[in-house]
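Reader: Could you walk me through the empty spaces in this protein, and then through a pair of its helices?
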Amino acid sequence: MIVTKNWLNEWIDLSEIDTPLLLKTLNAIGLEVDRHDVINVPDKIVVGFVDSCERHPDADKLNVCQVNTGNDVRQIVCGASNVRAGIYVAVAMVDAVLPDGLKIKAAKLRGVESLGMICSSKEIGLPSIGEGIMILDESIGKLTIGQELNTYPIFCDDIIEIELTANRGDCLSIHGIARDLSAAFNKDLKEIQKKEEQEGRLGIGRILQLQHTETYDTELLFGAVDIKELTVPLLVALRMAIIEESYETTLDAFLQYTTQNTGVILRAYPFATLEETPNAKSIITLAQDDNGYASLYGKEKLSVIGVSQEKEARFSMSEGLAIIEASYIPPEIIARKMGETKIASCPHYYRTSRGSEPKLNSGMRFAMDLFEHYSQSAVYAGNLELQSPREARVVTMSEGEFELFIGMKVDKTTLTHILKNLGMLISKPKTSIFAITIPHFRHDIVNKQDIVEEIVRIVGIDNIPSQALVFAESNQNTADLEEYRKTRMYRQRAAATGFFESVHFVFNERATLERFGFACTHESKELLNPITATMDTLRPTLLMGLLLSASANVKVNQRKIALFECGMVFDTNRNETKRIAFVISGASEMDKLSNAGKAPSIDFTTFTQRISDIAGSFELSAHTTTHTLSHPYMCAKVMIDGKEAGELFRVHPHVEEELDLGHTYVCELDMDCLEYGLVQAKPFSKYQASFRDLSILIPKSLTYEAIKEVIAKHVSAEIKRYYPVDRYASESLGDKVSLSLRFVLQSEEKTLEEEEITAAIEWILTGLKEELGVSLR
C-alpha cells in the first residue's frame with residue numbers, strides 16, 4: 001500500500017507532524033513502513049504559460065514557443081508532441097539543475113535561441129505520467145505564473161510504502177491509513193462533505209430499476225452520470241503514477257483513484273448494456289450465476305460482484321451515460337466461495353477478499369464530485385441502494401479486563417477515544433463495562449484479545465511498563481524436561497566425540513524415500529500443502545537428510561565428514577518417534593603429523609567405536625534392513641540391554657556413488673532405548689582380574705550369536721565379561737576360521753588360582769565342543 005503525506009493530510013491534519021514522527025508512528029501501530037522516498041522538485045522550475053507555439057523554421061519536430069514565466073516572456077524551443085499555445089507548463093529556467101544533474105543553459109537549437117526547457121514529469125524527478133511534457137492544471141492548486149513548483153504540496157511530498165498483513169484490508173485506502181493515524185495521534189478525521197442536491201436534476205429512478213429476489217449477503221449502491229469532456233486532472237494522474245497504478249480509460253482513472261482514496265470498490269457499466277423495459281426504464285438484475293456467485297445482469301451477464309466484470313460490460317467510451325456501481329461483500333464469504341469454486345477474477349477481488357469499505361455512499365459521493373469538478377458531465381440525482389441485514393458483532397469488556405490483559409491501567413477516556421477513532425461504536429459505559437460494536441470493515445476483530453491488541457498497538461508496546469513476573473512455580477522436573485536433558489546430554493557427547501550437528505526440515509521427498517524402500521506416510525494422512533515438491537512427506541528416517549548434507553560437504557572438498565542429528569521421525573500413521581543418527585564419510589580423522597598427512601578411511605570398527613563412545617555399551621547382531629541404503633554384507637542390528645535400539649551399516653556402494661561419497665557409515669538409534677537417569681552403583685571386586693584368551697576353530701557359517709548362547713549356558717560367576725579380539729582365515733584352515741575370545745575373570749572374595757581359571761575356561765570349551773563341534777586351535 002503506497003500513500004503520500006500530503007494525500008493523508010486530506011483526511012487528517014498532519015501539518016504539525018514531521019515525517020520522522022509519522023514513519024515512527026506507522027511502524028509503532030503495526031503498519032510497517034517498507035519504503036520511504038521524497039519528492040522534491042528542484043529550485044528554478046516555475047509555472048509557465050505558453051502564449052504562442054509555432055513550427056521551427058528548420059526542424060519538423062521542434063516548436064518555437066513564447067512562454068510567460070512571470071517576470072518575462074522568453075523563447076523556448078520544445079520537441080514535445082503535446083506542446084501548444086494556451087497551456088500551463090513546468091519551465092526549467094536557465095541555471096536550474098535537474099535531478100539527473102543536467103544544468104539548463106541558454107542555447108541555440110537549429111539556429112533558434114532557447115532560454116530554458118519545458119519539462120516532462122520524469123525530467124523534474126516525478127513518476128512518468130505519459131508521453132510529452134507535463135501540462136499543469138488547477139487540480140494541484142491555483143496556478144500563478146512564475147511561482148516555483150516546489151511550493152505546491154504535490155511537488156514536495158513524502159512517498160510511503162506500507163507492508164500490510166493479510167487481515168488489514170481496511171487499510172487498503174488512504175482513508176483506512178488515516179483512520180489508524182487518527183487513533184494514534186488522537187485527531188479527528190476530515191469526513192467528505194456532502195453537497196446539497198441541485199434542483200432540476202433528473203433522478204436515477206427515472207432511468208434505472210434494480211430487480212432482485214435475495215440480497216446474497218451483498219450491499220450495492222448505484223449512481224448514474226452522463227460523461228462529457230472527461231479528462232484526467234494532473235493531481236489524479238500524478239498520484240496514480242506515484243502508487244504505480246495504471247488505467248485503460250479516463251473513467252477507470254477516476255474510479256481507481258476513488259477506490260484508493262476511500263476504499264470503496266467501484267465499477268462502471270454502459271447504460272446500453274442494461275435490459276430495457278416498456279416504461280422507458282432499464283433494469284439491472286441481481287441473481288446467482290451457475291457457480292453460485294452473486295452476479296449482476298443486464299441484457300447479458302455484467303459482472304460477478306467483487307470478483308470480475310465481463311469485457312463487453314466495461315465502459316470504454318469517451319462519452320455517454322454510465323451506471324456507476326459501488327459494492328461490498330463480506331471477505332470471509334467471497335473468499336470461502338472462491339475456495340469452493342474458483343473462477344477467473346480481476347484486481348477488484350484482491351480488495352474484496354481482504355475487506356473493502358462498506359460505507360458505499362462515501363465512495364459514490366467522492367466519485368460524483370470528481371466528475372462534476374473535472375468535466376462537463378451531468379450527475380443524476382439520488383442512488384439506488386440494496387442493503388443486506390447483518391448482525392453487528394458486540395464484544396463486552398470490563399475496565400479490569402483491559403488492565404489484566406495489557407498489564408497496566410489505561411484510563412476510561414483514553415480507551416474510549418482510541419476505540420471511537422478506530423471506527424468502533426461504544427455504548428455509554430455502565431460502571432466499568434464497555435459494550436463495543438465492531439464495524440463491518442474490521443472483520444479481523446472477533447474477540448476480547450483482538451480488542452486488546454488494538455489498544456496495545458495504539459498505546460504502544462514500548463509505553464507499557466515492564467513488571468516483575470509473579471507466579472507460584474510448580475515442580476519443573478517434568479517428563480518433558482527430563483527428555484530435554486537426555487537429548488542435550490547425547491548431543492553434547494556427539495559433539496565431544498567429533499561430530500557436527502546438522503539440522504534439517506522434518507520433510508523429505510516421498511519419491512526418493514520410496515525408491516530406497518522406506519515406508520512413507522499413508523496417503524490419507526499425507527501433507528495437504530507441502531512447502532516444495534521435494535518436501536512433500538514427513539520423514540520416516542533421519543538418514544536421508546544426513547546423507548544429503550554429507551554429499552553437500554563433499555562438493556566443497558571436505559575430506560572428513562562427521563555429522564549427527566537428533567529429531568523426530570514419523571511412521572505411516574504420523575506417530576512420532578525421537579531418534580539420533582550419525583554419519584561419517586571419507587577419512588576417519590583429520591590429516592596430521594601422526595598419519596603423515598594421509599588419514600585412513602573410516603572403517604566399520606572405527607565407526608562402531610565412535611558410536612559406542614556416545615551411546616555406551618551395546619552389542620551388534622546380524623541384520624538385514626528393510627530399505628536399500630545399506631551394504632548387504634556390512635550391516636548390523638544395535639542391541640542395548642537385549643532390546644533392538646537401531647541399526648548400523650555401511651552405505652551401499654551404489655548409493656555412495658550416486659551421492660559422490662567415499663566409504664560412508666551410518667547409524668540410527670531410538671532415543672527411548674538409550675540409557676539416562678541415575679547410575680546404579682554395583683559391587684566392585686578389590687581382587688586382581690585375570691585375562692585368558694581362547695582360540696577356537698569354527699565353521700565359517702557359524703554365527704557369533706550361536707557361540708554366545710552356548711557360553712551363556714556354561715559361564716561361571718568368576719567370568720565377568722568376554723569379547724572377540726581376533727578372527728583369522730586362511731587357505732590352510734579350509735572351510736573354518738580361527739576366532740580368539742578374551743575372557744576377564746575376577747572373584748569377589750579372593751584372587752583366583754590358576755587351576756580355577758583353567759577350570760572355568762575348560763568348562764566353556766567343553767560346552768562349545770559338545771554343542772557346536774568347535775575345536776581348540
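Author: Keeping in mind that this is a predicted model, a good place to start is the largest cavity, whose lining is made up of Gly-169, Asp-170, Leu-172, Ser-173, Arg-179, Thr-262, Gly-263, Arg-351, Gly-355, Ser-356, Glu-357 and Phe-441.

Reader: What is the volume of that largest cavity, and how does its lining split by class?
Author: The volume of the largest cavity comes to about 70 Å³, and its lining consists of two nonpolar, six polar and four charged residues.

Reader: And how many cavities of 30 Å³ or more turn up in the whole structure?
Author: A search of the whole structure gives one cavity of 30 Å³ or more.

Reader: Okay, pockets next: how much space lies in the largest one, and which residues are closest to its centre?
Author: The largest pocket holds about 1,800 Å³ of space, and of the 42 residues that line it, Glu-619, Leu-620, Ser-621, Tyr-704 and Pro-724 are the closest to its centre.

Reader: Which helices and strands supply at least two residues of that lining?
Author: Two helices, α15 (604-615) and α17 (704-714), each do so, as do the strands β31 (619-622), β32 (630-640), β35 (690-699), β36 (719-728) and β37 (736-745). The largest share comes from β36, which supplies nine residues of the lining.

Reader: How do the residues of the pocket lining divide by class?
Author: In the lining of the largest pocket there are 23 nonpolar, eight polar and 11 charged residues.

Reader: Changing topic to the helices, at what angle do the axes of α9 and α11 cross?
Author: The axes of α9 (residues 399-406) and α11 (residues 448-459) cross at roughly 70° and come within 10 Å. Since angles from 65 to 115 degrees count as roughly perpendicular, the two helices α9 and α11 are therefore roughly perpendicular to each other.

Reader: Which residues meet there, and of what classes are they?
Author: From α9, Glu-401, Phe-402, Phe-405 and Ile-406 meet Lys-448, Gln-449, Ile-451, Val-452, Ile-455 and Val-456 of α11. By class, the residues of this contact are seven nonpolar, one polar and two charged.

Reader: Glu-454 caught my eye too; is that residue buried or exposed?
Author: Glu-454, which has its place in helix α11, counts as buried because its relative accessibility is 4%, and the cut-off for buried is under 20%.

Reader: What is Glu-454 in contact with, leaving aside its neighbours within four places in sequence?
Author: With those neighbours left aside, Glu-454 is in contact with Leu-422, Met-424, Arg-442 and Ile-445.

Note on methods:
Residues are numbered from 1 along each chain as its sequence is written. This is a predicted model: local features need pLDDT of at least 70, side-chain atom pairs count only at pLDDT 80 or more; totals for chains, interfaces and linings use all residues. Side-chain values use heavy atoms; hydrogens and water are left out. On a 1 Å grid over the protein atoms alone, a cavity is a set of points where a 1.4 Å probe fits but cannot get out, and a pocket is an open set with protein on both sides within 12 Å along at least five of seven lines; lining residues have an atom within 4 Å of a point. Grid points are joined across faces, edges and corners, and a volume is the space filled by probe spheres set on the points. Ala, Val, Leu, Ile, Met, Phe, Trp, Tyr, Cys and Pro count as nonpolar, Asp, Glu, Lys and Arg as charged, and the others, Gly among them, as polar. Axes are lines fitted to C-alpha atoms, for helices over the stretch in contact, and angles run from 0 to 180 degrees between N-to-C directions. Helices (H or I, at least four residues) and strands (E, at least two) are DSSP runs, numbered from the N terminus. Angles under 35 degrees count as roughly parallel, over 145 as roughly antiparallel, 65 to 115 as roughly perpendicular and the rest as oblique. Contact means heavy atoms within 4.5 Å. Buried means under 20% relative accessible area, exposed over 50%, partly exposed in between (1.4 Å probe, protein chains only).
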